[in-house]
Every structure is written in structure tokens, then in C-alpha cells.
Amino acid sequence: MSRRPVAAPRLAVPGALVVTSSRTPALAGAGVAAAALAGFAGLVDGVTENADLTSYDPGIASSVADLRVPGLTFAAEVVSTVGSEVAIGLLTVVTLALLWFVWRERARAVLFGATMAAAGVLTLGVKHLLGRHRPPAAFVVGPVDTGYSFPSGHTLFSTVFIGLVVMLVLWPRAHRRGRVAAVAVWALASAAIGASRVYLGYHWTTDVIAGWVLAVGVLGLALTVGSARRQQHDVRGAAHAGPAR
């Protein structure tokens, strides 16, 4: 008598393992956001009391002004223009259009847009709350900006934007080397844009540092939210798959 073939057992990932693996990025993002918030609070305290790192701002601005040369000034102006709020705003619209209409990744598009909007609200809110004035006109290369200085909007917006591109667009599509390269480009571009603002005299050094710190905090929160959404998706998938047999 012939025997019916026995079907191979279906493997299913245990729900607890799915939850644990999904929670790791969320917890990491929350930790980064908390650390960035603490660092930003320290910078705000220094600005309000004109102490700590802010006491070095005038000396740094004077030293940087003495180092200016025509070629480096031109490069700084180009980098600053590329990292401006207008340029980053246009790039944000293009990226959102690609995510929504071309790649059909609606959840990532919403997270991208919400994070950029949050960065804008935070920048304007903190600027007007603290009302810190920019360096004197004698330090500025180009038109004088009469807006508030802390934190640097160029630095914050560009750092958040490039970080989101890495996290939501490049990371899911790239291999390990591509991911490492993307993170390196993010760090170098953010550093260059922030440095250009100090070099051109539009910001104090602590304005730029605050922009970096706050941007990392915003990206940490975005990672937490995105990972939490992914965790819900994984748990639902594990529940539908059922127990291993």
C-alpha cells in the first residue's frame, strides 16, 4: 500500500521573536532622541545664561573670519545655498512625490513629510522663544540676515532631510556597503553645511551645534515612530501566519 507523502512542516517565526527584533530600532531611536534632548537642553541653558560653550562663540567667529580666502568663501556660499531652507524644501517636495506616486510607499511618505514639518515647527518655535541675535554684520559675508540665530535652520533642515533620505529611501534598497556610504555622505554633508554657516558669519558655533543635536533628536523620534509602525505590521503578520506545524 502506497503512502501519501508527508508535507514539510511550515516554519513560522515566533511572535515574541518578531516583537523583540522589531523593538530594537524603536528603543534605539528613543534613546538617541532622549540623549539629544538632554544635550539640546544644555545648549539652551548656555544661551540663556551666556555661559558654557556660548562663551567661546565670539572668539571662534573672529578666528574664522581671519581664515577666509576667496576660493573657500565661494565653496562655502555654494554649500550654504544647497543647504538652504528653500533648496531643502524643494528637495522635500520632490522626494515626497517619488515616495507617494512613483514607489507607492505612502506610509514612508507620510512619515517623511511629518518629520520635516516637525523640524520646521521646532526651528521657528525655538528661534522665537529664545530670540538670540546673529553675529554682528562685521562678521557676515553677503547680505545681513536680521532673523533669529538659534538654532541654525540650514543645519537642522539639511541634517533631517538627508537623514530621512538615508533612513527611508536608501536604507531599504541598499546593501551594507551602500548603507555605510549613505551614512558617511549624510555626516559629511551635514558637517559641511553647518560649517559653512559659521564660516560665512551667519551663525554662532553653538547655533550650528544645536541644529545638529536637535536634528539627531528629530531623526531618533522618526526612527521610533517608523519602527513602532513596522512592529505592528510584523505582529499582525505573525498572527496571521499562525503557530508552526
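This report describes the fold, the nonpolar core, the aromatic contacts and the charged contacts of one protein chain.

The model is predicted, so local features need pLDDT of at least 70 and side-chain atom pairs count only at pLDDT 80 or more, whereas totals for chains, interfaces and linings use all residues. Residues are numbered from 1 along each chain as its sequence is written, and side-chain values use heavy atoms, with hydrogens and water left out.

## Fold and core

The protein chain contains eight helices and zero strands; helices (H or I, at least four residues) and strands (E, at least two) are DSSP runs numbered from the N terminus. Along the sequence the pattern reads α-α-α-α-α-α-α-α. Of its 245 residues, 38% count as buried. Buried means under 20% relative accessible area, exposed over 50%, and partly exposed in between (1.4 Å probe, protein chains only).

A nonpolar core is a set of buried Ala, Val, Leu, Ile, Met, Phe, Trp, Tyr and Cys residues joined through side-chain atoms within 4.5 Å. The largest such core has 28 residues, and those touching the most other members are F40, F112, M116, F150, V160, F161 and L164. Two or more residues are given to this core by each of α1, α4, α5, α6 and α8 (205-241). Helix α6 supplies the largest share of the core, nine residues.

M116 also takes part in a backbone approach: its C-alpha atom is separated by 8.9 Å from that of G89, 27 residues apart along the chain. G89 lies in helix α4 and is partly exposed, with a relative accessible area of 29%.

## Aromatic pairs

A pair of aromatic rings is described by the distance of the centres and the angle of the planes. Rings of Phe, Tyr and Trp (its six-membered ring) pair if their centres lie within 6.5 Å; planes under 30 degrees apart count as stacked, over 60 as edge-to-face and the rest as tilted. By this rule there are two aromatic pairs.

F40 and F150 form a stacked pair, 5.8 Å centre to centre with 25° between the planes. This pair links distant parts of the chain, 110 residues apart, with F40 in helix α1 (residues 15-49) and F150 in the loop between α5 and α6 (153-170). F40 counts as buried at 8% relative accessibility, and F150 is buried at 0%.

F112 and F161 form an edge-to-face pair, 5.9 Å centre to centre with 80° between the planes. F112 lies in helix α5 and F161 in helix α6, so the pair ties together parts that are 49 residues apart in sequence. F112 is buried, with a relative accessible area of 0%, and F161 counts as buried at 9%.

## Salt bridges

A salt bridge is a side-chain nitrogen of Lys or Arg within 4 Å of a carboxyl oxygen of Asp or Glu. The count by this rule is five salt bridges, and three of the pairs are listed here.

| Pair | Closest N to O distance |
|---|---|
| R108 and E105 | 3.1 Å |
| E105 and R173 | 2.8 Å |
| R134 and D145 | 3.3 Å |

E105 forms salt bridges with R108 and with R173. The E105 and R173 pair links distant parts of the chain, 68 residues apart: E105 is in the loop between α4 and α5, and R173 is in the loop between α6 and α7 (176-199). E105 is buried at 19% relative accessible area, whereas R108 is partly exposed at 26% and R173 is partly exposed at 40%.

R134 and D145 are both in the loop between α5 and α6, 11 residues apart. R134 is buried at 15% relative accessible area, while D145 is partly exposed at 32%. In addition, D57, R132 and D207 are linked in a network of salt bridges.

## Charges over rings and the nonpolar patch

A charge sits over a ring if NZ of Lys or CZ of Arg is within 6 Å of the ring centre and within 35 degrees of the ring normal. R173 lies over the face of W103, at 4.4 Å from the ring centre. R68 lies over the face of Y199, at 5.8 Å from the ring centre.

W103 is found in the loop between α4 and α5 (106-130) and is partly exposed, with a relative accessible area of 33%. W103 also belongs to a nonpolar surface patch of about 640 Å², made with V94, L98, W100, F101, V102 and V110. Helix α4 (residues 85-102) gives the largest share of the patch, five residues. Patches are made of residues with over 30% relative accessible area and no salt bridge; like charges are joined within 9 Å and nonpolar side chains (Val, Leu, Ile, Met, Phe, Trp, Tyr) within 5 Å. Accessible areas come from the Shrake-Rupley method with a 1.4 Å probe, and for residues only the protein chains shown count as cover.
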